[in-house]
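Subject: Handing over a structure

Dear colleague,

I am passing the structure below on to you, together with notes on what was found in it. Please read the notes with the structure open beside them.

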Amino acid sequence: MIYKPQSALIIVGHGSTVNPDSSGPTFDHAEAISRQGVFGEVCCAFWKEEPSLRQVFHMVDADEIYVVPNFISEGYFTQTVIPRELELDGPITTRGARTIKYCEPVGNHERMTELLLRRAAAVAPGVSPSETSLFIVGHGTDLNDNSAVAAKREGERIRERGLYAEVLNAYMEEAPLISDWDALSTQPNVVVVPFFIADGLHSYQDIPVLLGIEQEPTAAASQREIFRKNPRSLRGRTLYYASAIGAEPLFADLILEQVEAFDLQHSTIPAF
């Protein structure tokens, strides 16, 4: 367990101007870490919400600051947007008396596979994996290529374990489409886990329509029971629909482990 009472942790999320649930998991993970008392300061910053990336360094007093992106994969935001907005020079940035340490995104953590399996088991308790098709659902399209790569990587890792009869990747906007889930799968039970950081527009509006759970997009996830009505009998199958992987409480542990991984990787690099 790390213990850095003289340091600050900043968890960076995407946020949304239209989705009230987008920032929820990031705030939840920050609160869980704050309760553990391992950092002197813990706060959040967002690209599309307040507090903004440009504001966040004014919110902490510590001279040693760790920044962990709460993103599902490496990509444009973690490689370009966040470093630009925070004016980072690389993994370690020195600014006056301050040292800013930029960690890898949570989605890069090797325990993502464990969290996906935990999420799938929790949404379908008592259901035999040997009679179940597991879908890991990403966005798709070239705009989200890195997230699709990460989803495929996790699908392959789970397939290698041989737990589920089928492990399939499907997407909202490219083939194989999640709207074809019944044609793509062969098992009587189907578990669908959205490979997203938060229960945002995709997981509470778009995917339920594509699955056939809803006829049209409706209210926010926090105002509905969509994730609490499992299972559903649909298209001749028993369908279980999970909330987004990023809402898993164990994400807080992964954030701390990304800090530990950073220290291990950069232990020979002096910070001035």
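In β3, isoleucine 65 is the bridge partner of alanine 8, and β1 and β3 pair in the parallel sense over six bridges. Strands here are DSSP runs of E with at least two residues, helices are runs of H or I with at least four residues, and both are numbered from the N terminus; two strands pair if DSSP finds at least two bridges between them. Four bridges join β3 to β5, again with the strands running parallel, and within that pairing tyrosine 66 has lysine 101 in β5 as its bridge partner. β3 is mostly covered, since five of its six residues are buried, where buried means a relative accessible area under 20%, exposed means over 50%, and partly exposed lies in between (1.4 Å probe, protein chains only).

Before going further, please note that this is a predicted model, in which local features need pLDDT of at least 70 and side-chain atom pairs count only at pLDDT 80 or more, while totals for chains, interfaces and linings use all residues. Residues are numbered from 1 along each chain as its sequence is written, and side-chain values use heavy atoms, with hydrogens and water left out.

The strands just described belong to an open sheet of five strands in the order β2-β1-β3-β5-β4, with mixed pairing. Its edge strands are β2 (39-46) and β4 (92-95), each of which pairs on one side only, and neighbouring strands of this sheet are turned by 20° against each other on average, direction ignored. β4 and β5 pair in the antiparallel sense over four bridges, and threonine 94 has threonine 99 in β5 as its bridge partner. Helix α7 (residues 251-265) packs on this sheet, touching β1, β2, β3 (64-69), β4 and β5, and its direction makes about 120° with that of β3. Helix α1 (residues 24-36) lies across β1 (4-13) and β2, running at about 175° to β2. For these statements, contact means heavy atoms within 4.5 Å, and the angles run from 0 to 180 degrees between N-to-C directions, with axes fitted as lines to C-alpha atoms, for helices over the stretch in contact.

There is a further open sheet of five strands, in the order β7-β6-β8-β10-β9, also with mixed pairing. β7 (166-171) and β9 (232-234) stand at its edges with a single partner strand each, so one side of each is left without a neighbour in the sheet. The twist averages 30° from one strand to the next. Three bridges join β9 to β10 (residues 237-241), and these two strands run antiparallel; serine 233 stands opposite threonine 238 in β10. Helix α3 (residues 112-123) packs on the sheet, touching β6 (132-138), β8 (189-194) and β10, with a direction that makes about 130° with that of β8.

Arginine 111 deserves a separate paragraph. This residue lies in the loop between β5 (98-102) and α3, and it counts as buried because its relative accessibility is 19%. The side chains of arginine 111 and glutamate 257 are joined by a polar contact of 2.5 Å, a polar contact being a pair of N or O atoms within 3.5 Å, of which, within protein, one must be able to donate a hydrogen and the other to accept it, and residues adjacent in sequence count only if both atoms are side-chain atoms. Not counting residues up to four places away in sequence, arginine 111 touches Leu250, Asp253, Leu254 and Glu257.

Some backbone details may also be worth checking. Most residues other than glycine have a negative phi, and most peptide bonds are trans. A cis peptide bond joins glutamate 50 and proline 51, with omega about -5°, and proline 51 lies in the loop between β2 and β3. The peptide bond from alanine 175 to proline 176 is also cis, with omega near -5°, and proline 176 is found in the loop between β7 and α5 (181-184). Glutamate 87, in the loop between α2 (76-86) and β4, has a positive phi near 55° and is exposed, with a relative accessible area of 55%.

As for the chain as a whole, it holds seven helices and ten strands, and 54% of its 272 residues count as buried.

With kind regards
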